Amino acid sequence: MASDTAAGAPKTAPAAPKSRRSVTGTRATVAALFLLPALVLLGALVVYPIGYSVIRSFYDQSGDGFAGLDNYRALFTDDGIRTALKNNVVWVVFAPTVATALGLVFAVLTERVRWGTAFKLVVFMPMAISMLAAGIIFRLVYDQDPDKGVANAVWVGVHDTFAQSSAFPKAHPGRESPLEPADGGAFVTKGTVSAGDAVTLPLVGVAPDLMPNDAEPAAAPKPEGDRITGTTWQDFTRGKGVGTLNTVDASELGYAGMRIEAVKGGEVVETATAAADGSFSFSSKAEGARLRLPASNFAEPYNGLNWLGPSLVTPAIIGSYIWMWAGFAMVLIAAGLAGMPRELLEAARVDGANEWQVFRRVTVPLLAPVLAVVTVTLMINVLKVFDLVFIIAPGSSQDDANVLALELYRQGFSADQPGIASAIAVFLLLLVIPVMWFNVRRLRREVRR
């Protein structure tokens with residue numbers, strides 16, 4: 001009976017297989033649903049701003065009048081934008097090249113020392129600092145005052161090692177002085193000197209506590225036969241009514257190291273240097289000459305370079321960028337070195353190549369893909385540099401250090417020229433796209449390998 005029922009029951013037809021098109025459609029729908037949030041964000045944060053900037057770049061300041069290509073024409077006619085464009089070229093040429101070269105040198109050298117890891121950590125550490133903080137740091141580093149700016153402190157220390165500054169930069173003749181000003185900041189006696197004269201050359205203007213440490217109490221000059229003697233000293237005594245004008249007093253100090261020249265007919269016939277007590281003397285050759293204190297005695301102390309002045313501000317800011325990004329280049333290049341076949345290096349050494357030849361003919365060519373990626377990545381980065389220039393460059397030099405990203409900010413927010421700002425943004429995008437395309441293409445080529 002059961003067999004009869006089974007035999008009489010209708011057979012169920014097998015389900016028809018789903019078509020390939022429907023399966024593909026389902027997968028595409030699922031993929032689209034997963035990608036939808038990302039696509040919405042991409043459109044809202046990237047596509048829409050780019051499209052709006054392109055449209056806005058063709059309108060005038062108010063946004064109502066169509067300006068055509070006027071905003072783009074301003075990119076090549078406005079002096080400020082042209083300076084920014086020129087500086088961007090300098091940035092693109094030098095900053096990535098120097099940062100990559102330093103990264104390569106650091107990566108290669110640290111492979112040969114035991115403390116290489118610690119060195120890499122120190123070099124890479126600036127990457128953990130924001131551009132804002134780095135800008136503030138280097139604004140202090142480049143301070144003009146050597147007591148504050150590290151760069152000028154080092155520079156002044158090196159300079160003063162070879163060319164000591166004058167100890168009397170503020171010294172000058174006082175009232176009723178026998179000296180009068182001469183050309184170039186020097187001082188000269190009003191009359192000529194003769195053999196047997198005892199000449200006094202008093203000066204004022206140097207605070208007693210700023211006198212040289214080796215200065216001794218001034219000695220009044222005494223005649224010496226056919227020689228011309230004299231004293232140059234600080235004609236100042238603390239306390240009201242103490243001391244006699246233009247006369248050496250017991251508490252007054254000599255100008256130790258002061259240089260004196262005997263000038264006759266416009267030529268220096270003899271020179272002398274004051275002793276610790278300010279005394280000096282000339283031979284009879286100085287007969288009929290006038291005594292001159294040359295301007296070198298009163299040279300202002302060397303305060304180093306004006307790092308943030310118009311001529312050095314761009315190289316100085318590029319230096320701060322290299323300080324930050326050389327570690328990034330070093331880490332990527334070190335990763336490339338780790339994957340390099342060592343047998344090729346050993347083979348080159350066995351063939352008689354020295355270390356420089358191995359580096360130049362083997363290491364660098366094998367690292368060429370990594371070096372290209374690092375350089376191109378840094379080029380994209382410097383095209384958009386803004387923070388360092390905005391923070392480090394003072395107001396007086398910001399026009400000279402201007403770059404396109406900073407000019408975009410200034411046109412959009414300070415000059416209230418949104419049309420020109422949008423044109424700069426589009427121009428920057430056009431500059432970045434070829435570099436990004438080159439980088440992506442090279443990365444895909446590496447993946448295929």
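1. Let me start with the secondary structure: the protein chain comes to 14 helices and eight strands. Please keep in mind throughout that this is a predicted model.

2. On overall dimensions, the protein chain has a radius of gyration of 38 Å, whereas a compact globule of 449 residues would have one near 22 Å. Taken along the principal axes, the C-alpha atoms fill a box of roughly 155 × 75 × 45 Å. Of the 449 residues, 37% count as buried. Among contacts with a separation of 6 or more, 68% are made by residues 24 or more positions apart.

3. Next, the nonpolar interior. The largest nonpolar core has 55 residues, and Trp91, Tyr142, Ile317 and Tyr321 are those with the most contacts inside it. Several helices supply at least two residues each, among them helix 4 (79-110), helix 6 (131-141), helix 9 (342-350), helix 11 and helix 14 (418-448). Helix 8 gives the most to this core, with 15 residues. A general point fits here: in soluble globular proteins, nonpolar side chains tend to be buried together.

4. Trp91 is a good residue to centre your view on. Leaving aside residues up to four places away in sequence, Trp91 touches Pro96, Thr314, Ile317, Ile318, Tyr321, Val382, Val385, Val389 and Val403. Two of these names, Ile317 and Tyr321, also appear in the list of core residues with the most contacts. A second, separate core has 25 residues, including Leu179, Ile260, Phe282 and Ala286.

5. Helix 11 deserves a look of its own. Its 16 residues, 368-383, reach 22 Å from the first C-alpha to the last, close to the 22 Å expected at 1.5 Å a residue. The buried residues in helix 11 are Pro369, Leu371, Ala372, Val373, Val374, Val376, Leu378, Ile380, Val382 and Leu383. Val382 is also one of the residues that Trp91 touches.

6. Now the sheet. Five strands form an open sheet in the order 1-2-8-5-6, with antiparallel pairing. Strand 1 (179-181) and strand 6 (267-273) are the edge strands, each pairing on one side only. From one strand to the next, the twist averages 30 degrees.

7. Strand 8 (residues 290-293) pairs with two neighbours, so to speak, and they can be taken in turn. Two bridges join strand 8 to strand 2 (residues 187-189), and these strands run antiparallel; Phe187 stands opposite Leu293. With strand 5 (residues 259-264), strand 8 pairs over three bridges, also in the antiparallel sense, and here Ala262 has Leu291 as its bridge partner. Which residues of strand 8 make up its covered face? They are Leu291 and Leu293, while Arg290 and Arg292 form the uncovered one.

8. Strand 5 and strand 6 pair over six antiparallel bridges. Within this pairing, Ile260 is partnered with Ala272 and Glu261 with Thr271. Ile260 is also included in the second core. The hairpin of these two strands has two residues between them, and Gly265 takes a positive phi near 65 degrees there.

9. Two backbone values are worth checking by eye. Most residues other than glycine have a negative phi. Asn246, in the loop between strand 4 (228-234) and strand 5, has a positive phi near 65 degrees. Asp416, in the loop between helix 13 (404-414) and helix 14, has a positive phi near 55 degrees. Are these residues buried or exposed, and to what extent? Asn246 counts as buried because its relative accessibility is 18%, under the 20% cut-off. Asp416, at 44%, lies between the 20% and 50% limits and therefore counts as partly exposed.

10. Finally, two helix residues with accessible area. Met436 lies in helix 14 and is partly exposed, with a relative accessible area of 41%. The C-alpha atoms of Met436 and Gly265 are separated by 72 Å, with their positions 171 residues apart along the chain. Leu121, in helix 5 (residues 116-124), counts as exposed because its relative accessibility of 54% is over the 50% cut-off. The C-alpha atoms of Leu121 and Val440 are 29 Å apart, and the two residues are 319 apart along the chain.

Key. Residues are numbered from 1 along each chain as its sequence is written. This is a predicted model: local features need pLDDT of at least 70, side-chain atom pairs count only at pLDDT 80 or more; totals for chains, interfaces and linings use all residues. Side-chain values use heavy atoms; hydrogens and water are left out. Helices (H or I, at least four residues) and strands (E, at least two) are DSSP runs, numbered from the N terminus. The expected span of a helix is 1.5 Å times one less than its number of residues. Buried means under 20% relative accessible area, exposed over 50%, partly exposed in between (1.4 Å probe, protein chains only). A nonpolar core is a set of buried Ala, Val, Leu, Ile, Met, Phe, Trp, Tyr and Cys residues joined through side-chain atoms within 4.5 Å. Contact means heavy atoms within 4.5 Å. Two strands pair if DSSP finds at least two bridges between them. Axes are lines fitted to C-alpha atoms, for helices over the stretch in contact, and angles run from 0 to 180 degrees between N-to-C directions. The radius of gyration is taken over C-alpha atoms; the globule rule is 2.2 Å times the number of residues to the power 0.38.
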